[in-house]
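Welcome! Have the sequence and the 3D view open side by side, and follow along as this report walks from one part of the model to the next.

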Amino acid sequence: MDILSIMRASPVMPVIVVEKIEHAVPLAQALVAGGIRVLEVTLRSAIALDAIRAMRAAVPDAIVGAGTVTNPEELQAAVAAGAQFMVSPGLTDALAAAAQATAIPLLPGVMTPSDLMRARDAGFTRLKLFPAQQAGGVGMLKALGGPFADIVFCPTGGISVTTAPEFLSLPNVACVGGSWLTPKALLENGDWAAITKLAQEAAALRR
Ligand SMILES: O=C(O)C(=O)C[C@H](O)[C@H](O)COP(=O)(O)O
């Protein structure tokens, strides 16, 4: 799947931190049951790669990606674990080259016009705006839409179910990212039904 199709699959891309391997499969099942199929599992925990492997094996309806991919070593490890796409908070020359050497798409992060121009020069026109709220939020995306009308964004960082609709109404936004679908307390309590509810609410947001 190309990165734009992945971005358009759901209005919200959940940014997931899995600390315990036994949470991986029930969490993915809960999100998919709520209508959210695209899952970004960040490489911020020790078991993240195992979580990606487990979700890929047990939840075929999910599209499982790796997040917080910041260098070629992490990118290669994520590909080996079966990640179907990758997300980075930023972009370096080394990461761009590593991504171009694989068939797995990368959604790189940018925060400024110069970041964006460098990413576009490297061949990336589908970008994560990170941290979105702190970078200027909806106003920033409207401003970037003038000179950079060819760029499609997934703003991430500081977005909630309440603020997501305003982002999603912008023509240069395909989806938003956020961690609010997978609160740590719900994972700890194994409250998968509550996570399915959050997913349903997110899946119903209009674009
Ligand atoms: O880990 C990464 O690669 C990131 O880019 C960070 C995440 O995108 C944000 O942590 C999500 O932001 P919140 O929804 O405000 O929690």
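Let us start in a loop. Pro131 sits in the loop between β7 (126-129) and α7 (132-135). The peptide bond that joins Phe130 and Pro131 is cis, with omega at about -15°. Keep in mind that this is a predicted model. Its mean pLDDT is 98 for the protein, and 100% of the residues reach 70 or more. The model also scores ipTM 0.93 and pTM 0.97.

**The sheet with β7**

Strand β7, which ends just ahead of that loop, belongs to an open sheet of 3 strands in the order β6-β7-β8, with parallel pairing. The edge strands here are β6 (109-110) and β8, and each of them pairs on one side only. Between β7 and β8, which run parallel, there are 4 bridges. If you would like to find one of them, look for Leu127: its bridge partner in β8 is Phe153.

**The sheet of 6 strands**

Now turn to the other sheet. Here 6 strands form an open sheet, and the order across it is β5-β4-β3-β2-β1-β9, again with parallel pairing. At the edges lie β5 (106-107) and β9 (176-178), each pairing on one side only.

Strand β2 is a good place to pause. How many of the 5 residues of β2 are buried? The count is 4, so β2 is largely enclosed by the rest of the structure. Strand β2 (residues 38-42) pairs with β3 (residues 63-67) in the parallel sense over 5 bridges, and with β1, also parallel, over 2 bridges. The table lists one bridge from each strand pair.

| Residue | Bridge partner | Strand of the partner |
|---|---|---|
| Thr42 | Gly67 | β3 |
| Val15 | Glu40 | β2 |
| Leu127 | Phe153 | β8 |

**Helix α2 and the nonpolar core**

In soluble globular proteins, nonpolar side chains tend to be buried together. In this model, the largest nonpolar core has 70 residues, and those with the most contacts inside it are Leu31, Leu39, Ile52 and Met55. Helix α2 (residues 21-33) gives this core its largest share, 6 residues.

Which residues of α2 are buried? They are His23, Ala24, Leu27, Ala28, Ala30, Leu31 and Val32. These buried residues pack against two strands, β1 (12-16) and β2, and against the helices α3 (48-58), α10 (184-188) and α11 (192-203). You can trace this with Leu31 alone: leaving out residues up to four places away in sequence, Leu31 touches Pro14, Ile36, Leu39, Leu181, Ile195 and Ala199. After α2 comes Gly35, which has a positive phi near 95°.

**Around the ligand**

Next, find the ligand. Of the 14 residues around it, Thr68, Pro89, Thr156, Gly178 and Ser179 come nearest. By class, this shell is made up of 4 nonpolar, 9 polar and 1 charged residues.

Thr68 deserves a second look. Its place is in the loop between β3 and α4 (72-81). Phi of Thr68 is near 55°, a positive value in a residue other than glycine. Is Thr68 buried or exposed? Thr68 counts as buried because it has 20 C-beta neighbours inside 10 Å, and 20 or more is what the buried class asks for.

**Two exposed glycines**

To finish, compare Thr68 with two glycines. Gly139 is found in helix α8 (residues 137-145). Gly139 counts as exposed because it has 9 C-beta neighbours inside 10 Å, and the exposed class takes 12 or fewer. Gly139 and Ala203 lie 64 residues apart in sequence, with 24 Å between them in space, C-alpha to C-alpha.

Gly146 is in the loop between α8 and β8 (152-155). Why does Gly146 count as exposed? The reason is its 8 C-beta neighbours inside 10 Å. From Gly146 to Thr163 there are 17 residues along the chain, and their C-alpha atoms are separated by 22 Å.

Notes
Residues numbered from 1 in each chain as written. Predicted model: local features only at pLDDT ≥ 70, side-chain atom pairs only at ≥ 80, totals over all residues. Near = placed C-beta within 6 Å. Nonpolar A, V, L, I, M, F, W, Y, C, P; charged D, E, K, R; others polar. Core = buried A, V, L, I, M, F, W, Y, C linked by C-beta atoms within 7 Å. Contact = placed C-beta atoms within 7 Å. Pairing = 2+ DSSP bridges. pLDDT = per-residue confidence, 0-100.
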